[in-house]
Amino acid sequence: METKSTESGCAGIETVTTAAAELRVKTLSFGQSDFEAVLEERLAYGEESDEQVNERVAAIIEAVKRRGDDAVLEYTERFDRFKVGSVSELEVTKVQMQRALNGLDDEVRTALEAAAERIEQYHKKQTQASWQYSDEMGNRLGQQVRALDRVGIYVPGGKASYPSSVLMNAIPAKVAGVEEIIMVAPAPDGDLNPMVLAAASIAGVDRIFKLGGAQAVAALAYGTETLPAVDKIVGPGNIYVATAKRMVFGKVGIDMIAGPSEILVVCDGQTPVDWIVKDLFSQAEHDEDAQSILISTDNVFLEAVQTEIAKLLEEQPRKEIIKASLERRGLMIHVDTLDQAVMLINAIAPEHLELSVEEPEVLLPKIRHAGAIFMGRYTAEALGDYCAGPNHVLPTSGTARFASPLGVYDFQKRSSIIHCSPQGAQTLGRTASVLAKGESLYAHAQSAEARLEGGARDNR
């Protein structure tokens, strides 16, 4: 809708479109009587797998399990609108990957490579080594750390293409030592974004298939005649992808079930208003279910943000998505103190948390639940999405209470090491025997007792 002009002659007064003027983000005050109820309603996210989605996804998974490549081809033609004669034709060659990389604008290639380098540097700090120690009885105990053999990376390709997701998922796997990385990405009408292919080349992805949806998840989990089965599947997707990941968990590992993107900004009112508005927009533009929340101790500042939102919205290429997101799930909260803000942070457990305050270090020790924490006025969340270094695959929908960002540790597994000395077998055997009998597991007790002095046989 076009901007309406005014001829009132009043200096400094601007008008905005009717659509923008109608947008006012819901506001709460910490002390109001219905605060908790309204907050809970706003935080609730309803895109759960309904029975119909479950049935469709289960049918797709079963078809891929039974019919392999044939089912993959059928679903690719139906959902991505292109037909090939074999699944091998869905695979992107190394030559095509390199061609995509070489074809990038120099500025874009430099940015991708710079981001990849920073992501690699950060994740190298997460590597874990195997370790052992000996106790006072001469027993050797420890842990052996090994990378997964093969992982699958799902890269979304619906409303937008995400080369950054390729880097964030593949680079930690490479740092961990994963032997083979297989990437799948939906390719509507057979086309994949060149930046996605270029990012895969930079990140060291081994194989890429033009394949998306629940059928891609099933193919990675169970394998087909052409696609090998993987040990773990990582990466976000739509409700069908999320439901499929949930269903194949146990056959393979998964990273998490990701919900819509979220940002929670805490501001003391001293950061430029337009910076904060653009930070809120940065998450709202993902999709209509994304959530942007602003908490401030300054009511005047909150009102200024409302005004600036209406002013800046019309400039946004994805303004309709932003508007829908802010209307449906956006929220502004006035608190009396920053301690109240911290209480809300820990209750909400946001995916992205911006501490746009004078002394963010004072608040940091009090924060228990957040996926990623962006400190200070100059740290835009968008930097974390692309090139700061830490991973942008983060727990959503309150799961930061128990989950962590994707990292090298997600691509490693650990085996316990126990090597008993003769002396250790005596002491530990007696302890284990007592505990086993207490659980009425007598074969356990006998196994532990078999190595006690006088009970062991000389088999030489």
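In β13, which residue is the bridge partner of Val-266? The close-up views below, taken from a predicted model, lead to that residue by way of the sheet around it.

**View A. The open sheet and its edges.** Six strands, written as 6 strands in the order β1-β12-β11-β10-β13-β14, form an open sheet with parallel pairing. At the edges stand β1 (27-29) and β14 (372-375), each of which has a single partner strand, so one side of each is left without a neighbour in the sheet. From one strand to the next, the twist averages 15°.

**View B. Pairing of β10 with β13.** Strand β10, spanning residues 262-267, pairs with strand β13, spanning residues 352-356, in the parallel sense and over 5 bridges. Within this pairing, the bridge partner of Val-266 is Leu-355 of β13, while Cys-267 stands opposite Ser-356 of β13.

**View C. Pairing of β10 with β11 and the connecting helix.** β10 also pairs with β11 in the parallel sense, over 6 bridges, and here Leu-264 stands opposite Ile-293 of β11. Together with helix α11 (residues 273-284), β10 and β11 make a right-handed β-α-β unit.

**View D. The two covered faces of β10.** Glu-262, Leu-264 and Val-266 are buried on one side of β10, and Ile-263, Val-265 and Cys-267 are buried on the other, both faces being covered. Because 6 of the 6 residues of β10 are buried, this strand is largely enclosed by the rest of the structure.

**View E. Helix α12 across the sheet.** Helix α12 (residues 299-313) lies across β1, β10, β11 (291-296) and β12 (331-334), and runs at about 165° to β12.

How values were computed: Residues numbered from 1 in each chain as written. Predicted model: local features only at pLDDT ≥ 70, side-chain atom pairs only at ≥ 80, totals over all residues. Heavy atoms only, no water. Pairing = 2+ DSSP bridges. Helix = DSSP H or I, 4+ residues; strand = E, 2+ residues; numbered from the N terminus. Axes fitted to C-alpha atoms, helices over the stretch in contact; angles between N-to-C directions. Contact = heavy atoms within 4.5 Å. Buried < 20%, exposed > 50% of the residue type's maximum accessible area, 1.4 Å probe, protein only. Right-handed = clockwise from strand over helix to strand, strands pointing away.
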